[in-house]
Amino acid sequence: MKISKTVFVDVLVGIVLGAVFLGLFYYSDYVSSFFDDDNNTEDNSFVLSDSYVPDSKYGYDVSNFYFEYDKVKSNQFLGSILYWEGVSFSTIDKLVKVSKDVFDVKMIRPGRNMAFVRSDSCGALHSFVYEPNNMKYIIFNLFDSIYVKEVIRPVETKIEYAYGTVSSSLWNSMKNNNLNISLIDKMEDALSSEVDFYSAQKGDKYKLIFERKYIDGNPVAIGKLIGAYYDNGQPHYAVHYESDLYSGYYNYEGAATKKAFLKAPVRFSRISSGFSYRRYHPIQHRIKAHYGTDYAAPYGTPIQAVAAGTIVRKGYGVNNGRYVTIKHDKTYTTTYLHMQRFGKFKKGMHVNQGDVIGYVGSTGLATGPHVCFRMKKNGRPIDHRRENFPSPEPLPDSLLTDYYVVRDSVVSILNSMNQVSSDSEPLVLKNLEVEK
Ligand SMILES: [Zn+2]
């Protein structure tokens, strides 16, 4: 009796421990799925919902079908792929004909996912599936009748949270490629008129509410940033608000938090040389004024128009290399030097804020890859980092009451994240790092 009781307790403890370990394993496995993001990045975000367990693949019940996955190799075409799977020439020919209105089989590209679906591992091919991209797949059905159909995958949007403390520089983390760039990008953008991220300090705190898009349970992209909080000694809020007339980010009072001018033409860069009226030129070896700010970034990093405007110059100079000048309004122009190559915009074309006008290079007189960014105000060179730009329009009084309702719900979630942080520490995987 005594023995069997001990055995019973042992088994019970075993079951409980097993369940706990299984739970932990399952949890860590689920959390690690965030590391398979489109950017191969990680952050300390978490989602408060159940894990996804697929019961069908490409619309086929996984318990009734056998799947073989592969990637298209170079010089593989629909004909050759199916021929080696034992499909007859006449069937391939029919498939190509019926696919005409659905999908051009000449568009099958090396490296893309494909799958062979059978009713059992050695049965005849039931269908061939090709994925032109992550958002859709094409089914070439061979069983019973021959048909081709395109299936757009349903995108699931989940609301997620991220928070943490600035611990190192964004520059370092970019090199390590371990943070979710698009999320930081959106935060910087949303708070651009409130926070100077170039003077972010160790210990600054941030909290974010954002959407993440999922396909088949796998994260594929960051969606809209819904709310952001940044504390650099002073609390700053950016809340996304949409009405029939206005859409954008607003602070606690309802003033726009997104600047008419971006702080810098390249994201995640570091300032390698600031604006000055006197500096020692590293190549010309003489004291020279530097009417610009140099942002060092890897070759090929996109260069963005800091504000909407018209491209008034696009050319090549011995010193400037490939460069573009944008006229923003009566007052301001900006110039971007040493580009490796240009963006798709031609001289005379209108660009929006954030449009890619070129890529970082070292053409002209440059020691390494960087953008020399120059701003003129009424024709005179100015230090854009010291300029107080006119702030964007605040929300009209008629919308403020409505905005405050949205703001209060977003702010209350942002504020409650403190409790989540202290109560469930393990949820924070890694601090998001922001440029110092
Ligand atoms: Zn420069």
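The exercises below work through a predicted model of one protein chain, going from its overall make-up to its sheets and its nonpolar cores.

**Exercise 1. The chain as a whole**

Find how many helices and strands the protein chain has, and what share of its residues is buried.

*Solution.* Begin with the secondary structure, which comes to 6 helices and 24 strands. Next, turn to burial: of the 436 residues in the protein chain, 29% are buried. Finally, consider the contacts between residues at least 6 apart in sequence, of which 66% join residues at least 24 apart.

**Exercise 2. The sheet from β3 to β7**

Work out the order of the strands in the sheet that contains β3 and β7, and explain why one side of each of these two strands is left without a neighbour.

*Solution.* The first step is to write down the order, which is β3-β4-β5-β6-β7, an open sheet of 5 strands with antiparallel pairing. The second step is to look at the edges, where β3 (66–71) and β7 (147–152) each have a single partner strand, so one side of each has no neighbour in the sheet. As for the geometry, neighbouring strands of this sheet are turned against each other by 20° on average, direction ignored.

A closer look at one pair shows that strand β5 (residues 125–133) and strand β6 (residues 136–141) run antiparallel and are joined by 5 bridges. Within this pair, Tyr130 has Ile138 in β6 as its bridge partner. The last step is to add helix α3 (residues 89–99), which packs on the sheet and touches β6 and β7, with its direction at about 50° to that of β7.

**Exercise 3. The sheet from β8 to β12**

Which strands stand at the edges of the sheet that contains β9 and β10, and which residues are bridge partners along β9?

*Solution.* Start again from the order, β8-β9-β10-β11-β12, in which 5 strands form an open sheet with antiparallel pairing. The edges are taken by β8 and β12, and because each has a single partner strand, one side of each is left without a neighbour in the sheet. From one strand to the next, the twist averages 30°.

Now follow the pairs one at a time. The antiparallel strands β8 and β9 are joined by 11 bridges, and Glu156 has Tyr214 in β9 as its bridge partner. The strands β9 and β10, also antiparallel, are joined by 10 bridges; here Lys207 is partnered with Tyr229 in β10, while Tyr206 stands opposite Tyr230. Between these two strands the hairpin has 2 residues, and in this hairpin Asp216 takes a positive phi near 50°.

**Exercise 4. The nonpolar cores**

Identify the residues that touch the most other members of the largest nonpolar core, and the strand that gives the most to this core.

*Solution.* The largest nonpolar core holds 31 residues, and those touching the most other members are Met187, Leu208 and Ala228. At least two residues come from each of β8 (155–165), α5 (181–190), β9 (205–215), β10 (218–231), β11 (235–242) and β12 (247–250). The most is given by β10, with 6 residues. To see one member in detail, take Leu208, which touches Tyr161, Ala162, Tyr163, Leu183, Met187, Leu225 and Ala228, leaving aside residues up to four places away in sequence. A second, separate core has 24 residues, including Ala305, Met339, Tyr359 and Val371.

Key:
Residues numbered from 1 in each chain as written. Predicted model: local features only at pLDDT ≥ 70, side-chain atom pairs only at ≥ 80, totals over all residues. Core = buried A, V, L, I, M, F, W, Y, C linked by C-beta atoms within 7 Å. Buried ≥ 20, exposed ≤ 12 C-beta atoms within 10 Å, placed from the backbone. Helix = DSSP H or I, 4+ residues; strand = E, 2+ residues; numbered from the N terminus. Contact = placed C-beta atoms within 7 Å. Pairing = 2+ DSSP bridges. Axes fitted to C-alpha atoms, helices over the stretch in contact; angles between N-to-C directions.
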